[in-house]
Amino acid sequence: MDRRQRELSPFAARPGGLAAILLLLCLALTGCTATGGGGSGAETESGDAGPGVGASPQGPAVSGYPAFDFDARTVTLNSGYEMPILGLGTFSLSDEEAADSTYWALKAGFRLIDTARIYGNETGVGRGLQRAIDEGVVAREDVFITTKIWTTDYDDADAAINTSLERLGVDYIDLMILHHSQPANDVDAYQALERAVGDGRLRSIGLSNYYEPEDFDRLVEATSIRPALLQNETHPYHQSGQMKEHIAQYGTVLESWFPLGGRGNTQTLFDDETISDIARAHGKSAAQIIIRWHLQVGNVCIPGSSNQQHINEDYDVWDFELTEAEMARMAALERDARFSNY
Ligand SMILES: NC(=O)c1ccc[n+]([C@@H]2O[C@H](COP(=O)([O-])OP(=O)(O)OC[C@H]3O[C@@H](n4cnc5c(N)ncnc54)[C@H](OP(=O)(O)O)[C@@H]3O)[C@@H](O)[C@H]2O)c1
């Protein structure tokens with residue numbers, strides 16, 4: 001790959017381009033796409049095509065950064081399961097808000113919902129899911145549910161899994177994540193998650209808030225199942241290039257939290273001159289441009305919202321594509337600046 005190709009690659013933000021090479025290899029071998037247009041999945045109530053989230057058994061571990069399928073709107077994880085690439089975040093929503101947002105999101109076409117024990121709204125997410133199932137909007141198996149184990153539960157992770165299952169009202173969880181690195185006992189907790197994969201309570205396992213390659217490797221070397229996903233703060237001002245390149249060797253996909261900058265910070269990104277300029281060019285909102293950038297650069301994106309109009313808008317990102325030049329301009333916004341300090 002020459003220098004110009006590297007600059008135009010969706011992975012241009014990450015020096016070295018290992019992930020880009022692996023992705024191109026995948027493209028050559030499988031014909032899968034990293035960028036693309038409209039979908040071809042089942043019709044949803046909004047008239048928009050939703051993805052199929054077909055479950056498949058744990059496959060062999062895949063190396064290389066997983067490629068996104070924009071037609072299906074999914075990525076195949078290194079666990080062998082398909083995961084939607086765009087989901088709803090529920091941080092800071094009450095149970096009631098989470099129930100409404102989950103229901104609205106499923107009606108809009110979202111098939112991925114992200115919650116956590118520490119958000120205190122797993123019950124609400126479960127209620128929103130059940131309402132959508134009862135009304136025939138989705139079936140359980142169409143929806144990918146992520147939750148996270150909080151650090152104070154690491155010593156009793158097995159019980160924490162059962163409690164999350166109960167609160168969500170489901171008999172399996174698609175993805176369970178260790179919420180934070182905690183060297184004292186995160187390996188023990190992860191091993192409990194591995195056992196729950198073995199007995200079918202969990203399908204895939206992920207990590208969150210591991211910001212150093214050595215810390216990620218510490219966990220990987222002490223455990224058996226490679227993390228399917230790493231959820232870290234990631235947005236145009238903190239693009240997570242180093243970690244993303246590092247986890248590609250494990251076939252682990254990056255998921256962005258604070259994809260829009262986080263509550264209270266979004267206007268900083270929405271007002272960014274480059275982002276608003278690209279938004280004008282496409283007749284889209286700044287939020288939609290940022291979400292589309294996450295997807296095209298290969299980040300699973302989970303914008304949080306308690307507003308039905310925003311939820312509909314956040315899912316309406318399939319009918320346009322950022323150009324290579326626009327992706328290069330977005331890559332240039334990197335400033336290694338996080339909005340959160342944990
Ligand atoms: N692993 C971790 O440690 C961690 C930490 C933080 C978050 N997360 C996860 O990541 C998800 C995303 O992060 P986040 O929710 O904190 O931040 P975010 O998605 O970056 O931003 C959420 C903010 O964006 C606004 N918003 C959403 N869509 C909008 C639109 N179309 N136009 C204008 N404003 C819009 C929301 O307001 P409205 O409600 O008014 O729409 C809310 O204020 C969380 O919900 C959570 O699931 C994980």
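Of the 342 residues of the protein, 52% count as buried. The model is a predicted one. Its secondary structure consists of 13 helices and eleven strands. Among contacts with a separation of 6 or more, 71% join residues that are 24 or more positions apart.

Eight of the strands form an open sheet with parallel pairing, in the order 4-5-6-7-8-9-10-11. Strand 4 (88-89) and strand 11 (299-301) are the edge strands, each of which pairs on one side only. In general terms, the strands of a sheet are joined through backbone hydrogen bonds, in either a parallel or an antiparallel arrangement. At one edge, strand 4 is paired with strand 5 (residues 112-114) in the parallel sense over two bridges, and L88 stands opposite I113 in strand 5. Helix 11 (residues 286-297) packs on the sheet, where it touches strand 10 (253-257) and strand 11. The direction of helix 11 makes about 145° with that of strand 11.

Elsewhere in the sheet, strand 8 (202-208) and strand 9 (residues 229-233) pair in the parallel sense over three bridges. S208 stands opposite Q231 in strand 9. Five of the five residues of strand 9 are buried, and the strand is therefore largely enclosed by the rest of the structure. By contrast, G200, which lies in the loop between helix 6 (186-198) and strand 8, is exposed, because there are 9 other C-beta atoms within 10 Å and a residue with 12 or fewer counts as exposed. The C-alpha atoms of G200 and D174 are 9.9 Å apart in space, and the two residues are 26 residues apart in sequence.

The packing of one pair of helices was also examined. Two packed helices are described by the angle between their axes and by the distance between those axes. The axes of helix 4 (residues 122-134) and helix 5 (residues 157-168) come within 7 Å and cross at roughly 45°. Helix 4 and helix 5 are therefore oblique to each other. Helix 4 contributes E122, T123, V125 and G126 to the contact, while helix 5 contributes S164, R167 and L168. The residues of this contact comprise two nonpolar, three polar and two charged.

The ligand is surrounded by 27 residues, of which the closest are G89, F91, L260, G304 and S305. This shell divides into eight nonpolar, 15 polar and four charged residues. Helix 12 (residues 308-315) gives the most to the shell, with three residues.

Two backbone conformations merit separate mention. Most residues other than glycine have a negative phi. R73, although not a glycine, has a positive phi of about 65°. R73 is placed in the loop between strand 1 (68-69) and strand 2 (74-76). With 30 other C-beta atoms within 10 Å, R73 is buried, because the cut-off for a buried residue is 20 or more. S92 likewise is not a glycine and has a positive phi, of about 75°. The place of S92 is in the loop between strand 4 and helix 3 (95-108). S92 counts as partly exposed, because it has 14 C-beta neighbours inside 10 Å.

Conventions
Residues are numbered from 1 along each chain as its sequence is written. This is a predicted model: local features need pLDDT of at least 70, side-chain atom pairs count only at pLDDT 80 or more; totals for chains, interfaces and linings use all residues. Axes are lines fitted to C-alpha atoms, for helices over the stretch in contact, and angles run from 0 to 180 degrees between N-to-C directions. Helices (H or I, at least four residues) and strands (E, at least two) are DSSP runs, numbered from the N terminus. Angles under 35 degrees count as roughly parallel, over 145 as roughly antiparallel, 65 to 115 as roughly perpendicular and the rest as oblique. Two residues are in contact if their C-beta atoms, placed from the backbone, lie within 7 Å. Ala, Val, Leu, Ile, Met, Phe, Trp, Tyr, Cys and Pro count as nonpolar, Asp, Glu, Lys and Arg as charged, and the others, Gly among them, as polar. A residue is near a molecule or strand if its C-beta atom, placed from the backbone, lies within 6 Å of it. Two strands pair if DSSP finds at least two bridges between them.
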